[in-house]
Amino acid sequence: MSLEISVVALGLIVLLADLWLPAERKRMLGYSAAAALLLLFLNTFTSHCSCSLAEGPDNMTSAGMFIQDGLAVFFKRFFLLAAVLVLVMAVEFSDRIGAGVSEYYSLIVFALAGMLFAASANDFVMLFAAIELITITFYVLTSFQRGRVRSLEAGVKYLILGALSSAFMVYGIALIWGTTGKFNFQELAQVAGKFAANRVFLFGVVFFLVGLGFKIAAFPFQMWTPDVYEGAPTPTTAFLAVGSKATGFVLLLRFLFTAIPDVAMHWNKLLIIVSGITILYGNLCALPQRNLKRILGYSSIAHAGYVLLGVAALTTAGESAVLYYLAGYLFTVLAAFAVIALVMRHLNSEDLAGLAGLNQRSPLLAATLTLAMVSLAGIPPLAGFFGKFLLLKAVIEQGPANHGYYCLAFTALAGVIISLYYYFGVIRAIYWSKETPDLSPIEISKPMKMAVCFCMAGMFYLGLFPGALINYAAQVVKSLK
Amino acid sequence: MNVGLEHYLVVSALLFALGLLGVITRRNLIVMYMSLELMLNSANLALVSFSRFNDNLNGQVMVFFIITVAAAEVAVGLALIVALYRKRQSAHVEDLTSMKL
Amino acid sequence: MKLEALPWILLFLPLCAAGIITLFTLRSQKLSAGLSIGAIVSGFVLAIALIKSGGWEAREFSLNWLSIGNLNVDFGLRLDALSLMMLLIVTGVGSVIHIYSYGYMHEDEGFSRFFACLSLFTFSMLGIVLANNFLQLFIFWELVGVSSYLLIGFWFDKASAADASKKAFLTNRIGDFGFMLGILTVFAVVGSLNFAVIQEQFKANPALMGGSATLAGLLIFCGAMGKSAQFPLHVWLPDAMEGPTPVSALIHAATMVAAGVYMLCRVVFLFTPEALTVISWIGGFTALLAALIAVQQNDIKRILAYSTLSQLGYMVMAVGLGGAGAAMFHLTTHAFFKALLFLGAGSVIHAMHHEQDIWKMGALRKKMPVTFWTFLVGTLALCGVPPFSGFYSKDAILAQAWHAHNYPLFVIAVSVAVLTAFYMFRLFFVVWVGDVRSAEAGHAHESPGVMIWPLRALVVLALFGGVLGINEIFAAQFSAAEHAEASEHGLTLLQRIAEPFTNAPVAAGIGIIATLIGFLTARGLYATAKSDPLTSKLGWMSRAMANRFYFDEIYEATVIRIHDLAGTISNWIDSWIIEGLCIGVVRGGTDLTGRALRLVQTGNLQTYAFLFVLGVAVVLWLTLGK
Amino acid sequence: MTTLTLIFALPLLAAVLLAFIPRNFAVVMRLVALVTTFITMLLAVKMFWNFDCAAADNDGYKFVATIPWLGSHALGIVCRLGVDGLNVGLVLMGAIVAFAAACCSAEIKSREKEFYILLLVMTGGILGAFASLDLFFFYFFHELALVPTFIMIGVWGRGEKRNFAAFQITLYLSIGALLTLVGLIDLYLQVPAEIRTFDIPSLTRFFVEHPMALASQSFIFPLLLFGFGVLVSLWPFHSWAPLGYGSAPTATAMLHAGVLKKFGLYGLLRVVIPFMPQSAQHWMPILAWLSLGNILYVGWVAMKQKNLNLLIGNSSVAHMGMIFLGIATLNLVGVTGAVVIMIAHGFLAALTFGLSGYIHSQTGTLEMSELGGLAKKMRFVGVAFVMAAMAGCGLPGFLNFVGEATVFFGAWARPGLRLVTVLAVWGALIVGAVYMLRAVRATLHGPLPEKWGRLPDAVLWRKLPYAVLLASLFLFGFAPKLLTDKIKPVTQQIVDMANAQEIATQAATVPSPVTGVSTNGTKPAPGGVKESGK
């Protein structure tokens, strides 16, 4: 747990350091926090860290509430990396936040702490605490630009719907615990089979899943996504899209495959339907959209659907595909939001027209955004393609057993085709459009440049050299069973 | 009449439903938020009654977590609503539709 | 040099010339012409050398060109009497015309291009002649088509020339369509494309093809119909006169159009009696039709073109009647005198500054004496006046019809002979005799020597072509198929001169009488005419003849219109059904669905909360509602 | 680095190199692109020259090379490259066309950097796809061209509809590609989990020994057939092609129509037909009839076009029909012919689009009503265009004729396809000639409008690409054995696999071959032929 403690401590340090630092040095604060997180991230790869896989499955603390298995470590690295990049982005964004920049940084670090706890949660109590830590922090992060009505509006929408989903989740936990008497996932797994026909228990399970569905923005709990994505400050949106969504997925995986595997096995129909509709909904709604952040909001719904393909497959291949896909999604989405944060700096709304002439203003950013869109669309040689390939493979593999999976695969394909239209619309806006662009070059700070290049490198790495991560993911998901 | 677990659960479910109804019918953000708190508390009631009837204190531990979290949520939420009210002089959901479609 | 190399050199020399001209010497007229003429003249020399060295024996040289599974295609050269004789004609007449072109095309800016195309044509024609298998024949067949396309459209900036070249190519293609199918049919049964192999197989088993034999024969005949301009694919030839006159002489009189007849003779063993009947009737009909049309044409080259058509019909009819030797004989003499006539016409046109209407000429006899005399010889040969070459070959065909007891066709042939004499002397009287009818005719003068000498050379051939024993060489070639003339090898000159009268005196006599009738009628009508007296006498008939019996219009209304319609319909379907309906509906439908769906995102929290709860209800129903 | 690795990696490396050259060095970019493609072409020629059919190792593949750090060994995805008779010609053709396309890119006057990067990515991608011995990378490399095509049409394209064209071509091709992807994944899943691989030779061996279940075949086959079909513009999924090519800049159209389109056909031959013989037997007659849609229907559509590029685009679609017909014959002659046309059409499409691109760059229009008589002013271009048109209507001397004639012979050997063949011959000989000659007549022949009185002919170095392409067409057209001898052994193998079941059942049920011309055209034994005649 040393990692989590360090992260919380870092958050506190950032808060405290704010008191002494002069305003013009606050930039450094964000970079320092990012650097510290980067060190922590690198530290997870050293053998004497608590994250090391070698410690085995019996590495549980706090009476089994906290588990440090491969899956947890995978996602912790994921969250740390995301936080580093988001912090760099936040520094770049700081001039638009106004007062309390340091709090913004520290809140990001606290949200990260929540995610780290969630990755290790092995118990409903831990899970609830971790999720609420994330959610409440995000209420603040979303509405941080107090001067902008949109930011506040997004915050309120997230607040009300988030609280609603929390209520469902809590009620679900209550029902599950009430029928089984177990909070711990492993213990629950042993008895869950007996309750497979118990309606109260199933009610509870569904309610709990509603809460997770809200986090990952799956249909029919996706309503908040475009509005919140649009209104929130861009770094928040990025963190929401990557961190919060991934949290939802790690919990979903853990809940479905560790806590109630016997029940989950019968739920493929529900998962197939939810996944399919989520994909179609996200992609179809994005079609007429002109606001870039809203496009990414809808696309994030669609991507939740894609990742659900892997969950719906209910196999280890599917699970490892989920991990792979999320890893690719991390680089891709962060790259996209980084570009948006930089390009749309002086614009009030993120209309596509703002991208006009980007190709001349900054070839690097143009290339990055193009590659991000290409990766989101799932075209080689980028991460998104290989992720989709693995997901499709996992789903089709189940096809002979249940033809619904074939239908799901084709639904996903239809979604990809539809998505090409708006992703390529973005590319079009970058390279050719009717709007007369202002051709002032865009200045990018060194760390931001590095972050952007890192994201690009990540997309290429995962698209071209998938071997290492595939093996890693395959090994990680073994800890689920 | 012997009051059993079912009775508590029904009350809890009714509370939950009531809260839900409040969320989807009331227009005022503060009232909606209160209804949400009601829903959280219905969960608390369920947990406590399960705990009592199943003779397992773990549930009550969970209730404490929920209460704490709810308090934090209310603190943040109300601050947020107030900030919005200052900006727009309204706490009605109809006025919160600058972002749509 | 090894003997095997000779035919290869012969074949590829013109191609090399064409290539070198195109790539390097387009700017130098002299060099281009020299290369082209050199190639064909050496071809002629080589052809003679081949005959000298190997006689008329059949022999083959071949390389494997393509071999996939059972499809084995050789690139082979077959030398036998048929091909060697044809080689002589192509290179011989070709040489003369090449030289003539040097004078005729002198002022043209596309001079070098012209010779490149001529050499390409020579190459293709030699390829047809030498081919030893069907596919190779087809290859050169197509190449001939394209070089004819290039030459007809030589003055491509003239719309009529460009259109004519297109028409010629497409009409030929229709014939090739049948030809290709015929080749496929034969190959499917026989499993080989080589003429010798196929012939052997047929010899061994005449019923080899079974029911498809007639069909295959007729399909192959389609190819000949296209190239030799037989009815109903004859329409391109008159239009092809848009090309320069030497081209008309070389391609559309002497060689290319003869390729169809040559091909029929090459594969004559394939045809069943039924197929031969069809062939003979189509030939006869074409001959009559074209002769009738020729009567009312006023363009000097078009008259000659229809005359060519008519004579080709004669040859095809002869093949159909079983007289391949006679057909080839007539082909040979026709090449001589028709080339002569065309070159003479070219000389006239040259002198008239490209005026081709015969009614604007007149009394040219005195202005251009050499051309006049040579033209007269050509006319006499074409009309079949003894002892000119045409008489012998035409008589061979008439005799063939007589011997075959096919009297309807014999009557047709005789009437064609009448008509031929009539329209040729009509042309003769109007152009050479009578009064001067235009300023150009008044200023006309004799062509330069480079154009005159080829005429003189051809006169010799047109005069004596009939008695050189050509028919015997062909007869030997086809002796396997026709036993009739096998024994007549080695006749003396005198015997040859008298041969028509000894062989079929009735036919010869009737032929001479027919010519006489034609001549007298023409003289009566045209010796002093200022304008055509027939136009008013024949009425609608004349109009129909002048309008070529409306064949172009019929094609316009049928084949072209149908394709046009198919194109329009397809295009309509493409842009409205496939592009508009299918793609448009999918595209628009998706877009609309998207627009409709996102109406759900009202931005109102209440709606969101409501839908959220509704979603929960649906999920509950899905999982528990069983 | 073997030759083959270099061939596909050089363009990609050059693209990376270009990314680091400042954008105002346009000449340098152009030079890099030209030199790279030229070296690639030389390497491809060298490889083609050294290709020895006899040397049998690596399942008949030569120049085999593995790039170990790409892909994932755990999933059986290994980047292995190699050529056999089937793709050695395609790689050669691709490399030559790429060089020609780079030459023809002189018309690009803005944003050269991006253009050449995209062009090189496209080139490397498609060469990689052809050279790949791994189904995954086969697909992967092909998809590299998708985004470049989109951007190139959008930024440097022409015409008012280029926006629509760019999206249409992208979406359409993606539909095809994704259907293919599903099919390929399912194919891969047919192999037991322990030995799963995308390696084509291993899969071939596996499916020879363990024929695929019929149920799987009947699901995967149509997926792949129509997936690849869309990529090749199989009727009625063709409408993306003419518009897309008509709107694309010259080099893109050349590469796409010439090289990229062959990907689907290559896939059909390499994967679909040999792995799923029963389905192939079932579907091929249907494919033959669909091919008529290309040959006749699209040919008619081409006749009615008013824009030269749309006409050429439609003609290119029509030519695909001949290849489909060849494949549908499922016999050695027909399939070999199909491969020959694939290569021939690559050269031809590049040539026609290159020439029309030159005309466009000089006149600024391709509306045929505005053109005419250009042969007067552009001698070389005119001659080359006439040659291209003639090659397009199957004139002997050009490679196209060899392919088309061979396909006809192959198709005729299948009695069931006789009617299709008759119509196809009509389409190839007549309809093809009609629209090709129409194009020549409308653009080159006829009187020269005054406004084109000062048009320049191509200068020497701009003639180069056309000369190279024409020379290739002529060389192979004169000596088709250079190609067919290499192709034959492979197509024989494909055909044998496709007909394995038929032969087996025939041998089992009918002891003596009395059925006459056997449906498989591998070797219609002369004995069988003669008996049918009696």
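**α13 of chain C**

I started with helix α13 of chain C, residues 300-320, and checked its length. At 1.5 Å a residue its 21 residues should span 30 Å, and the end C-alpha atoms sit 30 Å apart, so the two agree. Worth jotting down here: this is a predicted model, so every value in these notes is computed from predicted coordinates.

Is α13(C) buried or exposed? I found 21 of its 21 residues buried, so the helix is largely enclosed by the rest of the structure. Past its end I looked at C:Gly322, which follows α13(C) and has a positive phi, near 90°.

**Chain C overall**

Next I zoomed out. Chain C holds 26 helices and 2 strands. Its C-alpha atoms fill a box of roughly 115 × 65 × 55 Å along the principal axes. Of the 626 residues in chain C, 58% come out as buried. I also looked at contact separation: among contacts in chain C with a separation of 6 or more, 81% are between residues 24 or more positions apart.

**The two strands**

How do β1(C) and β2(C) pair? Strand β1 covers residues 59-68 of chain C and strand β2 covers residues 71-79, and they pair in the antiparallel sense over 9 bridges. I picked out one position across the pair: C:Asn64 stands opposite C:Asp74 in β2(C). The hairpin has 2 residues between the strands, and C:Gly69 there takes a positive phi near 55°. That gives me two glycines with positive phi in my notes on this chain, C:Gly69 and C:Gly322.

**Chains C and D**

On to the chain pairs. Which chains have the most contacts between them? Of the 5 pairs of chains that touch, the answer is C and D. I also tried B against D: those chains do not touch, and their nearest C-alpha atoms are 24 Å apart.

Inside the C and D pairing I followed one helix crossing. Helix α25 of chain C (residues 551-597) packs against helix α13 of chain D (residues 277-303) at an angle of about 100°, with the axes 7 Å apart. The two helices are therefore roughly perpendicular to each other. Note to self: this α13 belongs to chain D, while the enclosed one I opened with belongs to chain C.

Which residues meet at that crossing? From α25(C) I listed C:Ala566, C:Gly567, C:Ser570, C:Asn571 and C:Asp574. They meet D:Tyr297, D:Trp300, D:Val301 and D:Met303 of α13(D). The residues of this contact divide into 5 nonpolar, 3 polar and 1 charged. A reminder on the spacing along a helix: an α-helix has 3.6 residues a turn, so residues three or four places apart point the same way.

**Chains A and B**

Last lookup: how many residues does each of chains A and B put into their contact? Chain B puts in 36 residues and chain A 32. On the chain B side, α1 (5-25), α2 (29-54) and α3 (58-88) each supply at least two residues. α3(B) gives the most to that side, with 17 residues. The chain B side that touches chain A divides into 25 nonpolar, 8 polar and 3 charged residues.

Key: Residues numbered from 1 in each chain as written. Chains lettered and ligands numbered in written order. Predicted model: local features only at pLDDT ≥ 70, side-chain atom pairs only at ≥ 80, totals over all residues. Helix = DSSP H or I, 4+ residues; strand = E, 2+ residues; numbered from the N terminus. Buried ≥ 20, exposed ≤ 12 C-beta atoms within 10 Å, placed from the backbone. Contact = placed C-beta atoms within 7 Å. Axes fitted to C-alpha atoms, helices over the stretch in contact; angles between N-to-C directions. Parallel < 35°, antiparallel > 145°, perpendicular 65-115°, else oblique. Nonpolar A, V, L, I, M, F, W, Y, C, P; charged D, E, K, R; others polar. Pairing = 2+ DSSP bridges. Expected span 1.5 Å × (residues − 1).
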